[in-house]
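Visitor: I am new to this structure. Please show it to me, and I will ask about its parts.

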Amino acid sequence: MDSGERGAGMVIDPQVLDSLRKKQPLLWLNSGLEAGADPIPGLDPALAEQRLARYAAPLAHLFPEMEPTGGRLYSALQPIPKAQAALQAAAGMPAAGSAGAGTGVGTGAAGVGVWLLKRDDALPVAGSVKARGGFHEVLALAERLTAEAGRPISAGDPMQLCGDTVRALLGRHTLSVGSTGNLGMSIGLIGRRLGFQVVIHMSADAKQWKKERLRRHGITVVEHSGDYAAAVDAGRQEAARAADIHFVDDERSRHLFLGYAAAAGELARQLQEQGRRVDADRPLFVYLPCGVGGAPGGITYGLKLRFGGHVHCFFAEPTAAPCMLVQLAAGVDKAVSVYDIGLDNVTEADGLAVGLASPLVAPIMAKMLSGVFTVADDTLFRDAYLLAQEEGILLEPSAAAALRGPLWLRSTRRGGDYLDSHGLARTMDRATHVIWSTGGSLVPSEEHARFQARGAQAAA
Ligand SMILES: Cc1ncc(COP(=O)(O)O)c(C=O)c1O
C-alpha cells in the first residue's frame, strides 16, 4: 500500500519517503512537537522512582552486583572527548576545546557544546537500558501478586521480597515476554532471581549467545522464525490462555514505560552534580536508540516533564527499521509499519529490529519528540569501533546508534533548520549533548571481537 494513503489524510513527505525506501540515512523533524509537556493521567514517573527506591535494600541483597549503589539502578554519565573530537573532525567541525569537553563541566569549543555518554550499557544484571523497565515491571508484579494472595509485602519491611514466603508464592507464577533479546535478558534474569518461572519468546533476530545465557539461568526460550512483533504476539496469546502466566507486553506496558521514565530523575541529578544547568541559554539534547519505543519513549517522557522545552530528544533508528519515524510521519491514528513502505526490517542492530512502533508510546512521542535520525548498519559497527579505539568502551551495535546525534544537528541543513526555528543556534556553545548508550556489558568477548573486526573493516 502507498503510505501516502495512510494515516487519515496525513502523508509522509515524498522526499522523506524516497530516502527512507532507499535506506539513505536522514534526519526527520517532527512538526507535531509541542513546546511544553504535560503529565498524562495514570503515567506518573514519581511512582516508579518511589517503587525502585522502596526495594533498594532487598535488591542489593538479591543482586550482589547492585551492592555498590545500595540497590539503586544507576549508570555513569561520562564525557567522551576523544570520540567527540574524532567525529567532529570527520564532519569538518571545529575541534572541541580543552575547556570543558574533557571534564564535562565547562563550555566546550565554540558552537559545539559537550558530549556525554549515558552508560546504560553497564547497568547491572541486564547489561542494557532494559534493566530500568524490567526491574520496575517485575517489582510491580511481585507487589500485585503478593497482595492478591493476601500476603502483601509490607511497606515497612520491603526485605520480605527476599523471604521464603514471597519466593515460594512467586515461584507458582510464570513471567512471559516477547523479545529481540535484551528485554528477555532483563525480565528473565531479574524474574528468576525473585523466584518466578520465566518463558521468553525470541524473534528470529535474537542472537544465539543471548538465548544460551538465558537457558543457563533456567529460563525457557521459545524460538520463533518471525520478527519481534510475531514473538510478542505468540507470548501474548499463550498468556491469554493461562491465569498463572503474566505477559510483559513490550508494546503496551505502562510499568515498563515508567521504569524507563524514572531515569530522568537520575540524569537530572547527575547534570546538577556535574555543574551543568539546563535552561533557555543552556539547552539539553538527548539522543536515544529506538526499537519499539518503550525505553527511549519513557526516558523522553520523563525528561520532558522535568525540563519542558529546554530538552530536545531525538531517536536513532536503523535505516532498515525506522518504525517510530514511519509511524510519526504517517500520523498516529492508524498503525503503519516499515514493511508498509517497502523496508525489510533486517538489521544487525538486533535490539532495534522492530517493524511497528509501540501503540502506547507513538501517540505520546507525537507531541514530545523533536525528531528521528536513521543509521546504516556499517555506521553502527564503525562507531562501536571508534568508541572502543578512542574511549575504550565496548558497545553492542544497537547501542552505538545515537553517537552521531549531535552531528546531525550541527552539520546538516535540517539540523540547522531545527536550531534556527527554536532559537538555539546562539546557545550551542553552552549545549549539553547526552548520547544514551543502551547495551553491551554482557556481550561475550568473542562477539565484541566480531563487532570490532567489522567496525575496523567499515572504517578502513
Ligand atoms: C541495546 C538496545 N538499545 C535500545 C533498545 C530500544 O528499546 P525499545 O525497544 O524499548 O525502543 C533495545 C531494545 O531491546 C536494545 O536492546
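Visitor: Which residue in β7 does Thr174 stand opposite?

Guide: This is a predicted model. Strand β4 covers residues 174-179 and pairs with β7 in the parallel sense over four bridges. Across from Thr174, the residue in β7 is Ile245.

Visitor: What is the order of the strands in the open sheet?

Guide: The sheet has four strands, and their pairing is parallel. β6 (220-223) and β7 (245-248) stand at the edges, each with a single partner strand, so one side of each has no neighbour in the sheet. From one strand to the next, the twist averages 20°. The order is β6-β5-β4-β7.

Visitor: What angle does the direction of helix α10 make with that of β4?

Guide: Helix α10, residues 228-240, packs on the sheet. There α10 touches β4, β5 (197-202) and β7. The angle between the directions of α10 and β4 is about 160°.

Visitor: How many Å separate the centres of domain 1 and domain 2?

Guide: The domain assignment gives domain 1 as 3-40 + 74-124 + 258-459 and domain 2 as 128-256. Taken over C-alpha atoms, the separation of their centres is 28 Å.

Visitor: On the side of domain 1 that touches domain 2, how many residues are nonpolar, polar and charged?

Guide: Domain 1 gives 29 residues to the contact, and domain 2 gives 26 residues. On the domain 1 side, α11 (254-261) and α13 (294-307) each supply at least two residues. The residues of that side divide into 15 nonpolar, 10 polar and four charged.

Note on methods:
Residues numbered from 1 in each chain as written. Predicted model: local features only at pLDDT ≥ 70, side-chain atom pairs only at ≥ 80, totals over all residues. Domains from an automatic or database assignment. Contact = placed C-beta atoms within 7 Å. Nonpolar A, V, L, I, M, F, W, Y, C, P; charged D, E, K, R; others polar. Pairing = 2+ DSSP bridges. Axes fitted to C-alpha atoms, helices over the stretch in contact; angles between N-to-C directions.
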